[in-house]
Amino acid sequence: MTDEMLMMAVKNGDLEKASELFDRYHKPLYNFFVKITFDRDLGHDLTQNVFLRMIKYRASFHQDKQFRPWIYQMARNIYADYFRRNKMLFSDYAQVEDLKNKIAAVDEVMVEDERQKLLYISLFKLQPEQREILILTRFQQMKYEEVAQVLDCSVANVKVKVHRAIKQLREKYLELEKI
């Protein structure tokens, strides 16, 4: 059964089908939130909020839409709402010590190797929009068409944003490598 068929069943009142969607998407969404926030506990909370919101707004899902971009749009909105409410948006001037502590809390795989550490520090130093688009395209392996639906822009615009984000990531990585 496809994601869209499961979501249509949820929309029509079969809430047990939501558990199948949870099984399919809770890990990718959790990883999305951990990579974008560098906080495991917050990742759990935000992931739960996505599924609560999915149930609450199930009537807004349309049969002609793909489920994956729809749920990631919801995740993106929850992330934005959380940081807007807590006024904790990261800036270019984030404290390096604070960043080190957050990275230590991230998956063991992420800290195995020095290059990965530098990569994740570089990723953290990107503008939130650039970090988000790289997480969606590279870590969540979403197609450009799906990301365009999530960000409500054209595929060409997504490609340009990815290109610019990778360029910035490379520059920040090389700066850190010199240290």
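A residue counts as buried when its relative accessible area is under 20%. In this predicted model, Gln140 has a relative accessible area of 7%, so it falls on the buried side of that cut-off. Gln140 sits in the loop between α7 (128–139) and α8 (144–151). What does it touch there, leaving aside residues up to four places away in sequence? The list is made up of Pro28, Asn31, Phe32, Arg68, Tyr72 and Ile135.

One of those neighbours, Tyr72, leads straight into the nonpolar core. Nonpolar side chains in soluble globular proteins tend to be buried together. Here, the largest nonpolar core has 45 residues, and Tyr72 is among those with the most contacts inside it, along with Met54, Phe67 and Ile71. Plenty of helices chip in: α1, α2, α3, α4, α6 (114–125), α7, α8 and α9 (155–178) each supply at least two residues. The biggest giver is α4, with ten residues. Zooming in on Ile71, its contacts are Tyr25, Leu29, Val50 and Met54, again not counting residues up to four places away in sequence.

Two of those contacts, Val50 and Met54, turn up again among the buried residues of α3. This helix runs over residues 40–56, which makes 17 residues. From its first C-alpha to its last it reaches 24 Å, close to the 24 Å expected at 1.5 Å a residue. Right at the start of α3, Asp39 holds out a side-chain oxygen to within 3.1 Å of the backbone nitrogen of Asp41. Further along, the buried set also takes in Leu42, Gly43, Leu46, Thr47 and Phe51. And what covers these buried residues? The cover includes α1 (3–11), α2 (17–37) and α4 (67–86).

Then there are the charged side chains. Side chains of opposite charge can pair when their charged atoms come close. How many salt bridges does a search of the whole structure find? The count is six, and three of the pairs are described here.

In the pair formed by Asp3 and Arg24, the closest N and O atoms are 2.6 Å apart. This pair links distant parts of the chain, with Asp3 in helix α1 and Arg24 in helix α2, 21 residues apart. Are its two members buried or partly exposed? Asp3 counts as buried, at 16% relative accessibility, while Arg24 is partly exposed, at 35%.

Lys17 and Glu20 form another salt bridge, at 3.9 Å from N to O. That still makes the cut, because the limit is 4 Å. These two are three residues apart in helix α2, so about one helical turn separates them. Lys17 is partly exposed, with a relative accessible area of 22%, and Glu20 is also partly exposed, at 32%.

The third pair brings α3 back into the picture. Asp81 and Arg53 meet in a salt bridge at 3.2 Å, N to O. Asp81 lies in helix α4 and Arg53 in helix α3, so the pair ties together parts that are 28 residues apart in sequence. Asp81 is partly exposed, with a relative accessible area of 22%, and Arg53 is partly exposed at 25%. The story doesn't stop with these two: salt bridges that share partners join Arg53, Asp81 and Arg84 into one network.

Notes. Residues numbered from 1 in each chain as written. Predicted model: local features only at pLDDT ≥ 70, side-chain atom pairs only at ≥ 80, totals over all residues. Heavy atoms only, no water. Helix = DSSP H or I, 4+ residues; strand = E, 2+ residues; numbered from the N terminus. Expected span 1.5 Å × (residues − 1). Buried < 20%, exposed > 50% of the residue type's maximum accessible area, 1.4 Å probe, protein only. Contact = heavy atoms within 4.5 Å. Polar contact = N/O pair within 3.5 Å; in protein donor to acceptor, adjacent residues only side chain to side chain. Salt bridge = Lys/Arg side-chain N within 4 Å of Asp/Glu carboxyl O. Core = buried A, V, L, I, M, F, W, Y, C linked by side-chain atoms within 4.5 Å.
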